[in-house]
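Reader: I am new to this structure, and I would like to look closely at one topic, the cavities. Please go slowly, and explain each term as you come to it.

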Amino acid sequence: MYYPELAHTAFVYPAIDNHAHPLLTDENRNAFPLEGITSEASGDALTSDSRYSLASYRATLQLSKLFGLKNCEPTWNALRNKRDDTDYLDLCNTCFKPSGIQCILLDDGLGGVADLAESIKWHDQLTSSTCKRIVRIEFEAEDIFRTMLGGDAPNIPTSIVSVVSILEEFTDRFKASILAHARDDRVAGFKSVVCYRTGLHIAPLATYEETQRAVMDLLLQYKTSDSLRLEQKVLNDYLVRLVLQIAGEYHKPVQFHTGAGDNDIRLTKASPAHLQSIIEAYPNTPIVLLHAGYPYTREAGYLASVYKNVYVDFGLVFPLVSGDGQRTVIRQLLELAPTNKILWSTDGHWWPETYYLASVQARQALYEVLSDSVRREGLTEQQAVEIIRNALFHNANRLYNLGLKPNMNLL
């Protein structure tokens, strides 16, 4: 059965993309394999195998139609040739205009952004509302440590006196940085990728001595490898607690990567269920569980249902998961999660096509799932309409205090 008002809302209502990353510059448009649009794999797993996934077949078909490729098979090679012959800004506009995205909240801490990607401000030309920043806390912390320690890694002092001094100075600088971001209207919130580093089981507290030892480990790592990456669990947990405290005072949401990612992640440590203790420890801080926790979607929905400060984003699965999988994710999320606490995103990154695919696929999945609920008399059509409006726009607008009005002229 067809529901016209529900369909119009699903496919036309403007959207706030509450989690994404910057696009590559024109000069770097081919810096990464295009197959990464539908896969988190790398190496041969990406370039040889991922194109055989249902998500890849669907994406190449949809993009071929978008780009007007009528006389060739829908393949990544055909798409590569077409986009190489297209002006870059025209390519971006071709992908963004049908997406209905009004505003993007951009995490610019993704590795490679500084050298390869456009600025946050650059993206304003693709949206009708000003884009906002999401501050990645591990990136901020590493940048502060590098500034403090300088480039002479072999001569960094590692005595206990030096470590105490470094920890105190770092804490002061880090808190000052987070406070400045919390007060900045251009910053919508914060994000942690502790899931990738040491997992989501964040300790609610640690002794100062344990934190000192973690700093000592970091300094020794820097001295021996000349590489600085926060891989010490005590130190990562320490950063998260500092940010959760400050963010709660300024009511800035903190996003957490949860669930699947590239193979740098340990999936058994990526379930949002591991966050339960830290959620309880900071009840005044809004916490956003990114990517529906996939494949731990039900756990994410449960947390949103029992904790006032927990919200669930349902990005990433568009376009990385098959159409049937996407509908399953939405159904599982809605089994428990209050519909005023679900947020849509693209997790768009590098390629403008990721934004287009995430938008059209999410809109299709929302319509199919909710129209089925209406057909089975689980809710009225008007209730389903409100769920979509909130999921696409109003929930994010309220949570991130954006103060936007939906632009009904986008589509």
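Author: On a 1 Å grid over the protein atoms alone, a cavity is a set of points where a 1.4 Å probe fits but cannot get out, whereas a pocket is an open set with protein on both sides within 12 Å along at least five of seven lines, and in either case the lining residues have an atom within 4 Å of a point. The model is a predicted one, in which local features need pLDDT of at least 70 and side-chain atom pairs count only at pLDDT 80 or more, while totals for chains, interfaces and linings use all residues. Residues are numbered from 1 along each chain as its sequence is written, and side-chain values use heavy atoms, with hydrogens and water left out.

Two cavities of 30 Å³ or more are found in the structure, where a volume is the space filled by probe spheres set on the points, and grid points are joined across faces, edges and corners. The second largest of them, with a volume of about 30 Å³, is lined by Ile-37, Leu-316, Phe-318, Pro-319, Leu-320, Thr-346, Asp-347, Gly-348, His-349 and Thr-354. Helix H14, which spans residues 317-320, gives the most to this lining, namely three residues (helices, H or I with at least four residues, and strands, E with at least two, are DSSP runs numbered from the N terminus). By class, the lining of the second largest cavity is made up of five nonpolar, four polar and one charged residues; here Ala, Val, Leu, Ile, Met, Phe, Trp, Tyr, Cys and Pro count as nonpolar, Asp, Glu, Lys and Arg as charged, and the others, Gly among them, as polar.

The largest cavity, with a volume of about 40 Å³, has another set of residues around it: Phe-314, Ile-330, Leu-333, Leu-334, Ile-342, Leu-366 and Ile-387. Seven nonpolar residues make up this lining, with no polar and no charged ones, and helix H15 (residues 323-334) supplies the largest share, three residues.

Phe-314, one of the residues lining the largest cavity, deserves a closer look. Leaving aside residues up to four places away in sequence, Phe-314 touches Ala-292, Ile-330, Leu-333, Ile-342, Leu-343, Trp-344, Ser-345, Leu-366 and Ala-391, contact meaning heavy atoms within 4.5 Å.

Phe-314 also appears, with Phe-145, Phe-174, Phe-190, Phe-256, Phe-318 and Tyr-400, among the residues that have the most contacts inside the largest nonpolar core, a set of 133 residues. Such a core is a set of buried Ala, Val, Leu, Ile, Met, Phe, Trp, Tyr and Cys residues joined through side-chain atoms within 4.5 Å, and buried means under 20% relative accessible area with a 1.4 Å probe, protein chains only. Helix H16 (residues 352-375) brings the largest share of this core, eleven residues. Phe-318, just named as a member of that core, is part of the lining of the second largest cavity.

For contrast, an open space can be set beside these enclosed ones. The largest pocket has a volume of about 970 Å³ and is lined by 37 residues, of which Leu-110, Gly-111, Arg-136, Asp-262 and Trp-350 lie nearest its centre. Its lining divides into 14 nonpolar, eleven polar and twelve charged residues, and at least two lining residues come from each of helix H6 (113-116), helix H7 (137-149) and helix H9 (194-197).

Technical notes
Buried < 20%, exposed > 50% of the residue type's maximum accessible area, 1.4 Å probe, protein only.
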